[in-house]
4 protein chains.
Amino acid sequence: MYYLKNDYSEGCHPDILAALTKTNLEATTGYGLDEYCQSAAEQIKKVFSCPDADVHFLVGGTQANFTMISHALRPYEAVVTVSTGHIGVHETGAVEATGHEVLTFPSSDGKVHTWMIEQALTENPDEHTVEPAMVYLSNATEIGTVYTRRELEEISDCCKAHGLYLYLDGARLGTALTSSQSDLKPEDLPRLTDAFYIGGTKNGALFGEAMVIVNDGLKRHFRMSIKQKGGMLAKGRLLGVQFGELFRDGLWFRLAEHANAQAQALQKGLKEKGVPLMVDSPSNQIFPIFPDTQVEELSKDFAFEIWGKADESHTIIRLVTSWATKPQVVDAFLKAL
Amino acid sequence: MYYLKNDYSEGCHPDILAALTKTNLEATTGYGLDEYCQSAAEQIKKVFSCPDADVHFLVGGTQANFTMISHALRPYEAVVTVSTGHIGVHETGAVEATGHEVLTFPSSDGKVHTWMIEQALTENPDEHTVEPAMVYLSNATEIGTVYTRRELEEISDCCKAHGLYLYLDGARLGTALTSSQSDLKPEDLPRLTDAFYIGGTKNGALFGEAMVIVNDGLKRHFRMSIKQKGGMLAKGRLLGVQFGELFRDGLWFRLAEHANAQAQALQKGLKEKGVPLMVDSPSNQIFPIFPDTQVEELSKDFAFEIWGKADESHTIIRLVTSWATKPQVVDAFLKAL
Amino acid sequence: MYYLKNDYSEGCHPDILAALTKTNLEATTGYGLDEYCQSAAEQIKKVFSCPDADVHFLVGGTQANFTMISHALRPYEAVVTVSTGHIGVHETGAVEATGHEVLTFPSSDGKVHTWMIEQALTENPDEHTVEPAMVYLSNATEIGTVYTRRELEEISDCCKAHGLYLYLDGARLGTALTSSQSDLKPEDLPRLTDAFYIGGTKNGALFGEAMVIVNDGLKRHFRMSIKQKGGMLAKGRLLGVQFGELFRDGLWFRLAEHANAQAQALQKGLKEKGVPLMVDSPSNQIFPIFPDTQVEELSKDFAFEIWGKADESHTIIRLVTSWATKPQVVDAFLKAL
Amino acid sequence: MYYLKNDYSEGCHPDILAALTKTNLEATTGYGLDEYCQSAAEQIKKVFSCPDADVHFLVGGTQANFTMISHALRPYEAVVTVSTGHIGVHETGAVEATGHEVLTFPSSDGKVHTWMIEQALTENPDEHTVEPAMVYLSNATEIGTVYTRRELEEISDCCKAHGLYLYLDGARLGTALTSSQSDLKPEDLPRLTDAFYIGGTKNGALFGEAMVIVNDGLKRHFRMSIKQKGGMLAKGRLLGVQFGELFRDGLWFRLAEHANAQAQALQKGLKEKGVPLMVDSPSNQIFPIFPDTQVEELSKDFAFEIWGKADESHTIIRLVTSWATKPQVVDAFLKAL
């Protein structure tokens with residue numbers, strides 16, 4: 001069975017495992033207050049050019065999202081995002097469980113656009129409606145598209161004009177920043193957002209996400225929110241060691257580049273074979289459309305996700321490559337068609 | 001610096017690291033639906049003699065606690081526990097954050113007693129008060145004491161008589177079950193509780209707790225609660241691999257025995273030197289009382305936690321041993337006195 | 001200024017005020033445990049043919065809705081309703097504040113249809129998504145339409161088939177049941193729903209809604225939910241006295257008939273004058289479309305609500321009649337056109 | 001049956017009922033934005049010497065409490081109060097249901113003392129514990145005692161020194177301010193607290209509490225919190241009309257004076273007869289201790305509340321007088337002894 005199901009099927013990059021092994025029997029203080037976490041935070045602040053930011057390490061993405069959202073918002077405040085936004089559809093109501101409404105808007109390219117923010121404000125004008133107070137977006141998006149610098153600037157300006165926070169879910173930030181279609185630089189993120197997280201789980205770590213808080217107003221007591229929401233790892237240094245490896249000399253970028261390269265080779269091959277695509281994706285998630293019978297056939301040898309129906313007799317599938325995907329898997333898939 | 005600060009200072013037992021390394025590049029399905037998790041669950045059900053239980057793996061203890069409590073209770077229901085109960089004092093209001101009151105009672109031995117349950121019910125009789133619906137207890141307790149089978153049976157009977165759930169926090173269940181003062185057997189836990197979790201973090205794993213759900217009424221959709229509360233690990237098999245090692249041939253018990261042996265050697269030494277103790281602890285946490293000046297002196301070479309003031313000029317400290325504590329550390333501490 | 005703004009602009013029907021005055025200095029037990037509440041509950045159970053139902057009195061509609069929803073659902077469960085549903089848009093995220101997601105579907109006639117329930121289930125299939133567990137609908141709807149018996153039966157059957165609760169918001173149930181287009185009878189409500197509330201505030205009471213719980217599984221400890229959510233009135237008998245008057249000899253129905261008659265006279269007049277309508281409403285809310293300039297002109301003498309833009313130069317307004325609306329107001333409005 | 005059970009057994013003062021009757025058929029805008037509410041707010045700001053405060057009207061006390069507490073606090077923040085505090089014991093966990101822990105301290109006089117605040121801060125020092133952020137106190141307290149100006153100043157100073165809000169529950173503020181043992185003036189309340197509410201329900205209104213927000217930081221969007229938590233009355237002017245009557249020319253003070261006078265006559269009589277008291281109460285709640293048999297006897301003719309056991313054979317009862325209690329009831333009780 002070849003795996004194209006997701007970017008978290010394998011464990012971690014061997015360098016990370018080596019670092020974990022090397023430090024395994026050291027005794028450190030717990031809960032992320034150790035030197036490995038401090039050092040990894042410094043590296044991240046350097047790479048993303050935000051010396052004044054606060055960096056915290058959390059175990060997973062859903063946790064990172066609702067911890068930040070509930071930390072930032074007052075009870076009557078809501079988050080604006082697209083209908084496909086991860087917090088809206090794939091987190092079992094985790095944001096609502098902390099008391100906040102998620103206002104969603106359909107988006108054919110999977111991206112937030114400023115008209116959504118304007119409409120959210122217009123539709124929620126008074127004390128009988130919620131107060132839109134934060135924009136949530138994912139980069140890369142849930143359908144593989146990526147934001148250009150200009151797009152993110154427009155959203156950032158709109159948020160600032162209306163007093164909303166801009167929060168970026170970077171579960172797949174690596175593949176976004178290294179996408180050939182992206183002109184975003186790491187230093188743009190702290191400039192344009194109030195907070196963002198850098199994904200480790202889907203880019204070569206065993207687990208872990210690094211939350212970067214840029215807005216001073218969001219920094220206070222974030223560790224209390226992490227603890228209360230269950231995201232404070234006792235052996236917190238495990239996160240520091242992993243992110244230390246990822247950002248010591250660019251491993252995080254190289255791993256994402258590899259995933260993108262495999263996905264783009266796959267997409268190029270699909271296009272050459274005339275396979276229709278739900279979306280032209282510039283990152284590591286590819287969405288081809290096949291006849292139902294072919295999907296069934298392919299599923300015998302390849303693990304992938306069913307995304308939905310394209311029409312009566314065709315199905316959209318999702319193929320995801322990772323830092324660990326071997327070129328042979330791409331070849332095998334294309335050959336199997 | 002010698003570490004006697006807690007039982008999660010080091011990484012994991014070498015066998016566990018070896019298993020993680022060996023399986024690192026395998027691709028599996030995510031979120032704990034892989035074969036490693038299934039196999040570890042089977043081992044646990046065998047060791048604890050509960051073939052019909054559901055076993056789930058979560059990342060940490062605070063998360064395990066509020067996930068189970070919020071899963072089990074209706075909005076107006078409350079949990080009964082002791083004043084030193086972990087959920088009451090060291091989880092940043094995590095249970096209240098899910099909407100539930102924690103009713104606490106002072107307890108000199110750190111254990112729940114049936115009078116507390118009776119009193120909670122008497123004090124909360126009608127619709128103007130909460131409904132006590134669950135008893136939470138830790139074994140070993142937060143001050144190192146352990147429940148006898150008879151004590152746990154009495155609490156279990158009292159819970160059943162009044163229709164309350166009994167939930168056991170087993171962050172340190174290993175040291176409780178292997179304590180020389182404990183006559184509890186693994187098979188007693190599913191017999192006497194509705195749910196309990198088996199601690200991995202504090203007993204040799206990198207991280208991870210295994211939730212065992214015995215009561216059929218609590219089984220439905222627990223995975224939804226795990227996901228919503230942020231405890232569902234993408235690379236869930238990491239937990240399965242670790243618990244597989246811990247329960248394959250008794251490693252979990254041997255590690256706890258080691259921790260207890262070191263702690264008991266330490267406590268015996270302290271007694272022989274006439275050092276007073278806050279409590280006579282039969283497990284891996286020891287609470288000696290020293291003059292403030294001596295505490296300051298000791299803290300130069302040893303890392304430990306300040307527990308509180310005994311009187312004007314004396315301090316209670318907490319010394320914790322782990323699966324990784326070397327006998328030399330115990331010797332060094334006793335020699336330093 | 002003539003009021004066509006809503007059905008809660010005036011106080012209460014004089015008979016109700018007389019009853020409150022007559023009983024004002026009687027001393028009774030508090031919190032709705034008095035004889036007036038008991039007697040009113042009995043009358044309601046008789047009128048709606050549900051001798052085994054539980055009847056509770058709450059102060060207002062938003063409160064009634066989130067109290068029932070949070071009482072009924074587990075943390076990961078969600079409510080299905082239309083995009084215009086009151087809980088989705090006009091309650092400041094009150095349901096989300098209790099932890100539950102509201103799944104909404106656009107509906108041109110303001111009514112829930114079974115395909116929405118099916119789609120909600122299809123789109124939320126596993127532990128990464130919420131569990132649709134209740135359908136919420138308003139009758140009359142927020143745009144004045146009413147359910148036929150057949151429509152409600154289909155929804156009820158669909159709910160039963162899939163194990164969802166059906167909860168009906170009856171803020172305007174009086175005008176629905178007395179609408180000329182409705183074939184629903186009071187006895188259909190307990191037959192087809194798990195719980196529903198009977199609106200007093202918008203039908204002649206000073207305030208108050210009567211929650212009728214039909215499903216035995218929802219009855220337990222509902223008074224605890226009322227108290228916890230702030231809906232338990234100290235002088236609870238005020239609610240009993242009012243509902244006693246409303247249901248003693250049909251006042252509640254007569255008041256709704258009056259409101260409908262005024263609204264239908266108004267709608268007939270508008271149609272005769274060729275004024276376009278957003279929807280052909282059979283109850284007490286009418287939605288004519290006027291040129292913006294005319295809306296401005298009308299607003300000098302009439303109080304009404306702006307519903308939204310119909311196009312660049314036309315506006316939809318909402319005209320609401322109540323138990324207290326005098327025929328002269330309708331005449332004045334039609335004359336003013 | 002003579003009623004000494006509570007101060008909300010009867011309806012409202014006749015002047016209030018007359019005002020409600022007189023305005024009954026007027027049509028006004030809803031949700032408390034009418035002129036009656038505005039005018040009542042102005043009167044309150046004048047009487048309490050706080051021209052810059054915001055005044056909002058809510059239906060009941062539990063609602064007022066959790067609405068303000070959840071409005072003011074961040075998710076990890078907690079409230080400090082006494083063990084007998086209304087929010088801690090008689091509101092069915094309403095504060096916890098909004099996500100916040102209530103830290104309680106035993107208090108023999110029912111009052112908060114500064115050592116409790118200090119201890120709460122000491123016991124909750126870091127991210128593993130909640131952050132004490134508000135002090136909640138009731139005046140008069142739940143056992144009838146009242147704060148002196150000096151006591152309230154000390155608490156206020158302590159709160160300011162540590163950055164906590166001070167919130168005062170004034171369900172029985174009338175009887176506190178008119179107690180012979182109180183030197184507090186209305187103008188002290190906005191000077192010493194961040195917010196307080198003025199009780200109407202227990203002092204002559206049908207229902208209603210007036211929330212006065214002094215601290216600018218708490219003013220923003222409080223109406224959104226009221227709406228979300230279910231406290232926004234559609235016919236909001238009912239509250240404005242009532243508080244308008246209460247504060248037009250001192251009715252609120254006179255009603256409280258009457259209640260106090262009856263209670264003090266009762267307490268004096270009890271003392272003269274040598275009946276022991278749980279507490280010497282200077283307001284309208286009296287707590288005599290009787291042999292169990294006498295309690296049973298008295299309950300045949302008098303309605304009162306059982307407070308608790310004094311010892312094996314004696315019971316503490318609570319006798320409450322109201323604005324409507326007739327001197328004959330006091331006489332009858334004393335005669336019955």
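This note goes through the chain interfaces and a few local backbone features of a predicted model.

1. **Symmetry of chains A and B.** Start with how the two copies are placed. Chain A falls on chain B after a rotation of 180°. The shift along the axis is 0.0 Å, and the RMSD is 0.0 Å. The two copies are therefore related as by a two-fold rotation axis. The contact surface is shared as well: 100% of the contact residues of chain A recur in chain B.

2. **Extent of the A–B contact.** On each side the count can be given directly. Chain A brings 41 residues into contact with 41 residues of chain B. Together the two chains bury about 3,700 Å². Carbon and sulfur atoms account for 58% of that area.

3. **Polar side of the A–B contact.** How many salt bridges cross between chain A and chain B? The rule finds zero. Polar contacts are present, though: 27 residue pairs are counted between chain A and chain B, with both residues at pLDDT 80 or more. Anyone looking for charge pairing across this interface should note that the salt-bridge count is zero.

4. **What chain A offers to chain B.** Several helices contribute to this face. α1 (14-22), α3 (61-72), α5 (94-97), α10 (222-228) and α11 (237-248) of chain A each give at least two residues to the side that touches chain B. By class, this side of chain A has 19 nonpolar, 14 polar and eight charged residues. Charged residues are thus part of the face, yet the rule finds zero salt bridges between chain A and chain B.

5. **Symmetry of chains C and D.** The second pair can be described in the same terms. A rotation of 180° brings chain C onto chain D, with 0.0 Å of shift along the axis. The RMSD of that superposition is 0.0 Å. Of the interface residues of chain C, 98% are also interface residues in chain D, so the copies meet through the same surface.

6. **Extent of the C–D contact.** Chain C supplies 42 residues and chain D supplies 41 residues. The area buried between chain C and chain D is about 3,700 Å². Carbon and sulfur atoms give 58% of it. Salt bridges across this interface number zero by the rule. Polar contacts between chain C and chain D come to 28 residue pairs, both residues at pLDDT 80 or more.

7. **What chain C offers to chain D.** Which elements of chain C give two or more residues to the side that touches chain D? They are α1 (14-22), α3 (61-72), α5 (94-97), α10 (222-228) and α11 (237-248) of chain C. The class count for this side of chain C is 19 nonpolar, 15 polar and eight charged residues.

8. **Cis peptide bonds.** Check the backbone at residues 139 and 140. In chain B, the peptide bond from Asn139(B) to Ala140(B) is cis, with omega near -5°. Ala140(B) sits in the loop between β5 (131-138) and α7 (149-162) of chain B. In chain C, Asn139(C) and Ala140(C) are joined by a cis peptide bond, and omega is about -5°. Ala140(C) belongs to the loop between β5 (131-138) and α7 (149-162) of chain C.

9. **Positive phi at Thr92.** Thr92(B) has phi near 50°, a positive value in a residue other than glycine. Its place is the loop between α4 (86-89) and α5 (94-97) of chain B. Is Thr92(B) buried or exposed? Thr92(B) has a relative accessible area of 1%, so it counts as buried. Thr92(C) also has a positive phi, near 50°. Thr92(C) lies in the loop between α4 (86-89) and α5 of chain C. With a relative accessible area of 0%, Thr92(C) is buried.

10. **Lys185 of chain C.** Where is Lys185(C)? Lys185(C) is in the loop between α8 (173-177) and α9 (188-192) of chain C. Its relative accessible area is 39%, so Lys185(C) is partly exposed. Leaving out residues up to four places away in sequence, Lys185(C) touches Arg149(C) and Leu177(C). Lys185(C) and Thr148(C) are 37 residues apart in sequence, while their C-alpha atoms are 9.8 Å apart in space.

Technical notes:
Residues numbered from 1 in each chain as written. Chains lettered and ligands numbered in written order. Predicted model: local features only at pLDDT ≥ 70, side-chain atom pairs only at ≥ 80, totals over all residues. Heavy atoms only, no water. Contact = heavy atoms within 4.5 Å. Buried area = accessible area lost by both parts, 1.4 Å probe. Salt bridge = Lys/Arg side-chain N within 4 Å of Asp/Glu carboxyl O. Polar contact = N/O pair within 3.5 Å; in protein donor to acceptor, adjacent residues only side chain to side chain. Helix = DSSP H or I, 4+ residues; strand = E, 2+ residues; numbered from the N terminus. Nonpolar A, V, L, I, M, F, W, Y, C, P; charged D, E, K, R; others polar. Least-squares fit on C-alpha atoms with pLDDT ≥ 70 in both. Buried < 20%, exposed > 50% of the residue type's maximum accessible area, 1.4 Å probe, protein only.
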